[in-house]
Protein chains: 2
Amino acid sequence: MSTVYEVADRAGVSTATVSRVIHGSNLVRPDTRERVLAVIEELGYVPDGSAQGLSRRRKDIIGLAALERGTTEVGIEKTSPLFMDELVHAVESVLRGTECSLLLTFGPAGEPFQRRIRSLSGKVDGLLVAEEVMPPGQLRSLARRIPVVAIAGRRDETELDVVAVDNTAGMRALAAHLIEDHGYRRLGFLAGPADSPDARERLEAFRQAVAGHPGCVLAPVLEGDFSEASGAAAARTLLALRPAPEVVACANDQMAIGVLLQFQGSGVAIPGDMAVTGFDDIYASRVVAPQLTTVGQPFRELGHRAAQRLRARIEDRELPQHTEILPTRCAIRASCGCPAPGSR
Amino acid sequence: MSTVYEVADRAGVSTATVSRVIHGSNLVRPDTRERVLAVIEELGYVPDGSAQGLSRRRKDIIGLAALERGTTEVGIEKTSPLFMDELVHAVESVLRGTECSLLLTFGPAGEPFQRRIRSLSGKVDGLLVAEEVMPPGQLRSLARRIPVVAIAGRRDETELDVVAVDNTAGMRALAAHLIEDHGYRRLGFLAGPADSPDARERLEAFRQAVAGHPGCVLAPVLEGDFSEASGAAAARTLLALRPAPEVVACANDQMAIGVLLQFQGSGVAIPGDMAVTGFDDIYASRVVAPQLTTVGQPFRELGHRAAQRLRARIEDRELPQHTEILPTRCAIRASCGCPAPGSR
DNA sequence: CGGGACGTTGTAAGCGGTTACATCCGGGTG
DNA sequence: CACCCGGATGTAACCGCTTACAACGTCCCG
């Protein structure tokens, strides 16, 4: 691996000049620049990121830590956290236009993952954390060391920036549609894991919406882990339940898909015998039949805002704390009982 | 941000000792170790990755560069490269057990992306490149500077390690099923982009399989870009075609799903009026109705092997070059015309 | 023709770790 | 009791790059 020194030697200049050329400083005479560039090209020289990071005090890397949910069954391809994938792409596409790169880590909640994030924090200029990857206290102390932006974290954070979506409005609109437009009275809910702030908000919003309509009852309320498998399991529970709800709203799309497929496999017609709804609007929700009625999250926007906010905070650590709530959009499709569109 | 010096000061030891404690060297007296650890805890000290990277000559970061396909239409949520997402998770899960982190970058093929990869190469110990993100020549010169493992790249590479899947066997088996079991005679193919070695192999394998069966004809052969939208577009072309093929095999699942949904939207029954197959076996292919007959890629395995190979090569740059082809598995489901399973 | 100003280039001191090597110290040995 | 040995710790060089500052023309002006 060649170094600045080697380049400087061969070009007959000092390392300072090489550095200036690399960074496009205009205090270099054109012919000197040419000579240096030629050597760089010849050697295939690329500056060492560590050395650069050490010297300027900035690594041009930001981290993204996200929970990986669902059970990792050996031998079985587990379903990946699709929600996160969308986010990763959104964040990456912002960074693409910059010098900054994205360091990624996934993991199941817990001690080891927290340690990993901690050690990762030494390699980055700032960190994006999705959901509750660690207890609030730890998160705050992390945020005291390096810039942190929480994605879909607790909304009541006062020491970190937060970018999240408006679960409440979205879920409320969906509930209103189910109750007012479809006239459902007995509504089931498949909640997400309690350690997800989003999951908690969605359940709470749905609960309140149902409570706001006399004559409506919320039952049963089941809990899953956001995985398709947990949706299927919930469906099996529901199958045995009397009286069955008319609709089951799920805290995310993957569980809704699990419910839907399990029902269909058991001969229950969706939405004829039972309606199902999701939340997130992932790719698969538009692909399943019937198409899933759900609440769309602005993934792209979420990733963009979070990435931009983080970069801003890296620039200026004194920025005032800021919580940003992005709107959601109810996507009424067929699984709730609405007529299927003739074509997509 | 605290440094080793600060920790050393407060603990009343030298930086060498702090370093020893951090790395669990056993030449430190237990009580000294305790004292140092206490200070580290108190300060929330985390060693700086750049400094570490510079000093040991290893950054404990590997990069993954992958193509982002499909058009980025403004205002429209584009479908993400699901295949890559699966791969990312696989790679990340290998790294999880190590000190190493994953630096990610996506981008459309082209000059800017190549430059980005080049600058990224200074921040990592090794690079995983998926498909043909750059011309073979450039790739090789990159590989001369840092360890590179190609995922799903050209199989004939002699200067880099390659990990890929057996497209040929998978596609051949699928074709045999369509021709021999279903008796299709007029087969269409929706190929992937010409810049993908995988896409080329799949087309070629299908072509040969059809040619090997007298009486069978391969027509039409269309080309897409691996996106769902390009599948839908192909379906519209097919709709107008006389005589229409009995089945259209697609070079990946997303295009197959695009074809399938477009057909269904136009009142064509799948597989009744026309059969459709895919390749990859992504999550959505099991969710769509009818379930997609496809060829399964061992994503996990692919990611594992590639990551492991790269780590091995980082350890020992003199390792002999090695190309590894992983088996694929034909997943016969319903979209080819086979009876749908009663339940999943 | 001396001297400032400016444009170009070089020198060298960090940045925050790691680690080879030196040092120190206590205890066992002949 | 001098000596040696080995375990614990400290010292300082070095990793490759950036950058403040110094140095060096050269040109222009008085």
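This passage describes how two protein chains meet each other and two DNA strands in a predicted model. Residues are numbered from 1 along each chain as its sequence is written, and chains are lettered from A and ligands numbered from 1 in the order in which they are written. In this predicted model, local features need pLDDT of at least 70, side-chain atom pairs count only at pLDDT 80 or more, and totals for chains, interfaces and linings use all residues, while side-chain values use heavy atoms, with hydrogens and water left out.

Chain A is assigned domain 1 (4-47), domain 2 (61-165 + 299-328) and domain 3 (167-296); such bounds come from an automatic or database domain assignment. Taken over C-alpha atoms, the centres of domain 1 and domain 2 of chain A are separated by 38 Å.

The interface of chain B and chain A involves 64 residues of chain B and 64 residues of chain A, where contact means heavy atoms within 4.5 Å. The two chains bury about 5500 Å² between them, 53% of it on carbon and sulfur atoms. Buried area here is the accessible area (1.4 Å probe) that two parts lose on being put together, summed over both. In chain B, the residues that lose the most area to chain A are His89(B), Arg116(B) and Tyr283(B), together 13% of what that side buries.

Across this interface 6 salt bridges are found, a salt bridge being a side-chain nitrogen of Lys or Arg within 4 Å of a carboxyl oxygen of Asp or Glu. In one salt bridge, the side chains of Arg96(B) and Glu68(A) meet at 3.1 Å, N to O. Polar contacts between chain B and chain A amount to 34 residue pairs, both residues at pLDDT 80 or more. A polar contact is a pair of N or O atoms within 3.5 Å; within protein, one must be able to donate a hydrogen and the other to accept it, and residues adjacent in sequence count only if both atoms are side-chain atoms. By class, the side of chain B that touches chain A holds 27 nonpolar, 18 polar and 19 charged residues. Ala, Val, Leu, Ile, Met, Phe, Trp, Tyr, Cys and Pro count as nonpolar, Asp, Glu, Lys and Arg as charged, and the others, Gly among them, as polar.

DNA strand C has 31 residues around it, of which Arg20(A), Thr32(A), Val4(B), Ser19(B) and Ser55(B) come nearest; a residue is near a strand if one of its heavy atoms lies within 4 Å of it. Of the atoms of DNA strand C that come within 4 Å of the protein, sugar and phosphate account for 53%. The side chain of Ser19(B) places an N or O atom 2.6 Å from a phosphate oxygen of this strand, and a polar side-chain atom of Gln52(B) lies 2.8 Å from a phosphate oxygen. Tyr5(B), by contrast, has a polar side-chain atom 3.0 Å from a base nitrogen of DNA strand C. The surface near this strand comprises 12 nonpolar, 13 polar and 6 charged residues.

Around DNA strand D there are 30 residues, and Val4(A), Tyr45(A), Ser55(A), Arg20(B) and Thr32(B) come nearest. Sugar or phosphate provides 59% of the atoms of DNA strand D within 4 Å of the protein, and bases the rest. Phosphate oxygens of DNA strand D lie 2.5 Å from a polar side-chain atom of Tyr45(A) and 2.5 Å from an N or O atom in the side chain of Thr32(B). A base oxygen of the strand is 2.6 Å from a polar side-chain atom of Arg20(B). The surface near DNA strand D divides into 11 nonpolar, 13 polar and 6 charged residues.
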